[in-house]
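Visitor: I would like to go through this model and ask what stands behind each label. Please give the value first and the conclusion after it.

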Amino acid sequence: MSPVWLAVLVAFPAVMSLAVAALGRWPNARESVSVATAIALFVGVASFIGPVTAGMRPSLTLFEVLPGLGLTFTLEPIGLLFALVASGLWSLTTVYAAGYMRGNDEHAQTRFFVCFALAIAAAIGIAFAGNLVTLFIFYEMLTLSTYPLVTHHGDVESRNSGRVYLGILLTTSIGFFLPAIAVTYVLTGSVSFTDGGLMSGAGLGVVGAAALYALFLYGTGKAALMPFHRWLPAAMVAPTPVSALLHAVAVVKAGVFIVLKLTVYIFGVDFLAETGASRPMMWVAAITVLGASLIAMTRDNLKARLAYSTVSQLSYIVLGATMASSLGILGGSMHIAMHAFAKITLFFCAGAIYTATHRKNVSDLDGLGYAMPITFSAFFIASLSLIGIPPMGGIWSKWYLMEGAADAGHTILICVLAISSLLNIVYLLEIPTRAFFHNPRPDTPRSWAEAPWACVIPLSITAAGCIVWFIYPLPFLELLAPWAPR
């Protein structure tokens with residue numbers, strides 16, 4: 001396929017956001033255009049599966065300020081995987097958002113759908129970025145386009161949370177990520193993503209390489225490594241479709257995708273393995289995996305518990321990258337997709353529960369499984385996938401992460417992953433257990449039932465996806481096998 005289509009796919013959701021804005025007076029037409037745009041984008045991205053799997057790397061440079069410094073799009077396997085996850089789940093999230101926003105009579109729905117479209121355009125730009133400059137531009141666009149979504153309600157809590165969200169993400173990107181790009185250019189004379197990485201011939205010592213790697217990873221604030229993780233729980237004041245966008249579709253997935261891409265195409269897995277430059281950040285990721293899980297256990301608010309779960313699960317992917325092992329990279333890449341399906345299901349369920357009952361806390365969910373059996377069954381399936389229990393797809397990424405830890409000689413990381421899975425059991429399975437095995441509260445109306453179909457159908461599809469990826473993980477392996485470093 002022509003590389004020009006890369007630019008077309010990036011621009012398409014942004015252009016269609018204008019049509020969404022113009023149709024604001026006609027909600028049915030507005031939401032129909034939003035869903036059609038999402039589906040068309042996914043079809044367009046999926047059309048590259050065959051060529052990329054066959055070894056093609058389509059590339060397009062729109063302009064250059066200096067040689068090697070310009071707006072460049074290049075599509076490779078991990079970028080295609082991220083783009084497929086983002087565009088595919090955006091389709092379902094848009095359908096879900098229509099039911100949720102109407103069901104809760106939310107204000108400013110047109111602005112919401114416009115920002116939704118701009119956010120996915122930025123995410124696709126990140127997926128297709130061919131160099132660090134392009135990556136940085138679309139990374140900032142994603143931050144700015146999601147800020148109105150985080151502050152959607154417009155109350156004091158939303159504005160305060162928005163300041164935390166914007167403050168942390170802009171501080172890390174401008175204070176850490178941008179200087180790291182400049183240092184990379186000075187050392188190597190390039191900012192392009194290159195097979196095998198750029199650093200092997202840069203003359204950088206172990207300490208310097210470790211410092212630069214840490215600068216990049218902390219600069220990628222969307223990866224939510226501790227202590228720069230507070231923006232993510234703060235953003236939970238947003239409507240649930242925004243939480244799904246942040247946690248499963250675009251924002252955090254952009255963060256961990258960037259970590260993987262930096263590891264492979266800027267530093268190089270072999271360079272990191274030989275120098276051990278990624279080990280300090282590997283331990284930061286391990287601490288984040290366990291620390292966030294422990295915090296999640298203490299949260300009664302359902303969305304807050306899921307937010308800290310996301311902080312922990314993201315660090316699985318960072319852990320896979322920092323192992324400097326091809327199997328770790330493969331496991332981390334697969335976890336982008338596996339976690340996306342499971343976590344978006346959990347947030348869809350949380351939103352459906354709120355829409356039907358207006359209850360937000362775990363302690364208030366007793367007995368609701370009888371009124372909402374589909375929702376809580378989907379929650380149970382997605383929880384098993386995050387824990388890594390067959391027959392759910394999450395087992396594959398955890399399996400490869402553990403193999404990667406063994407391959408790299410980091411046996412203690414196997415223990416970290418195992419302990420984290422046990423903690424997952426404690427804080428996730430409490431929810432369906434309360435719903436199905438506790439008696440309803442006395443003030444629970446007998447008339448309560450499932451949320452609107454526009455909420456229930458998407459969460460049912462994503463829950464089914466958790467099972468499908470266990471039965472048939474081959475597409476992931478076929479796509480990533482030629483990309484994963486040996």
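Guide: In this predicted model, the chain carries 23 positive and 20 negative charges, and the mean positions of the two sets lie 7 Å apart.

Visitor: What makes a residue count as positive or negative here?

Guide: Lys and Arg are taken as positive, Asp and Glu as negative, and His is not counted. On that basis the chain has 23 positive and 20 negative charges.

Visitor: Why is the chain called as compact as a globular protein of its length?

Guide: First the make-up: the secondary structure comes to 20 helices and two strands. The radius of gyration is 21 Å, and the globule rule gives 23 Å for 486 residues; the two values are close, so the chain is as compact as a globular protein of that length. Along the principal axes, the C-alpha atoms fill a box of roughly 70 × 55 × 45 Å.

Visitor: What share of the residues is buried, and what share of the contacts joins distant parts of the sequence?

Guide: Buried residues make up 61% of the 486. Of the contacts with a separation of 6 or more, 81% are between residues 24 or more positions apart. The chain exposes about 16,600 Å², with 69% of that area supplied by carbon and sulfur atoms.

Visitor: Why is Thr375 called buried?

Guide: Buried means under 20% relative accessible area. Thr375 has 0%, so Thr375 is buried. Thr375 is part of helix 16, which covers residues 373-387. Leaving out residues up to four places away in sequence, Thr375 touches Cys349, Ala352, Ile353, Glu450 and Leu459.

Visitor: How do you know that Thr357 is buried?

Guide: The relative accessibility of Thr357 is 7%, and because the cut-off is under 20%, Thr357 counts as buried. Thr357 belongs to helix 15. Beyond four places in sequence, the residues that Thr357 touches are Leu368, Met372 and Trp448. Thr357 and Trp448 are 91 residues apart along the chain, yet their C-alpha atoms are separated by 7.1 Å.

Visitor: Why is Arg159 called partly exposed?

Guide: The label applies between 20% and 50%. Arg159 has a relative accessible area of 39%, so Arg159 is partly exposed. Arg159 sits in helix 7, residues 156-188. Apart from residues up to four places away, Arg159 touches Thr151 and Gly154. From Arg159 to Ala321 the C-alpha distance is 34 Å, with their positions 162 residues apart in sequence.

Visitor: What makes Gly189 partly exposed as well?

Guide: Gly189 has a relative accessible area of 48%; exposed would need over 50%, so Gly189 remains partly exposed. Gly189 lies in the loop between helix 7 and helix 8 (206-219). The C-alpha atoms of Gly189 and Ala202 are 9.3 Å apart, and these residues are 13 positions apart along the chain.

Visitor: How many disulfides does the structure hold?

Guide: Zero. A disulfide needs a pair of cysteine sulfur atoms within 2.5 Å. Among the cysteines, Cys115 has a relative accessible area of 10%, so Cys115 is buried. Cys415, at 44%, counts as partly exposed.

Visitor: What is notable about the phi of Ala324 and of His358?

Guide: Most residues other than glycine have a negative phi. Ala324 has a positive phi of about 55 degrees, and His358 has a positive phi near 60 degrees. Ala324 lies in the loop between helix 14 (302-322) and helix 15 (326-357), while His358 lies in the loop between helix 15 and helix 16.

Visitor: Is Ala324 buried or exposed?

Guide: Ala324 has a relative accessible area of 12%; this is under 20%, so Ala324 is buried.

Visitor: Which peptide bonds are cis, and where?

Guide: Most peptide bonds are trans. Among the cis bonds, one joins Met226 and Pro227, with omega about 10 degrees; another runs from Pro390 to Pro391, with omega near 5 degrees. Pro227 is in the loop between helix 8 and helix 9 (231-234), and Pro391 is in the loop between helix 16 and helix 17 (394-407).

Definitions and conventions
Residues numbered from 1 in each chain as written. Predicted model: local features only at pLDDT ≥ 70, side-chain atom pairs only at ≥ 80, totals over all residues. Heavy atoms only, no water. Helix = DSSP H or I, 4+ residues; strand = E, 2+ residues; numbered from the N terminus. Buried < 20%, exposed > 50% of the residue type's maximum accessible area, 1.4 Å probe, protein only. Contact = heavy atoms within 4.5 Å. Rg over C-alpha atoms; globule rule 2.2 N^0.38 Å. Areas by Shrake-Rupley, 256 points an atom, 1.4 Å probe, with all protein chains shown as cover. Charge placed at Lys NZ, Arg CZ, Asp CG, Glu CD.
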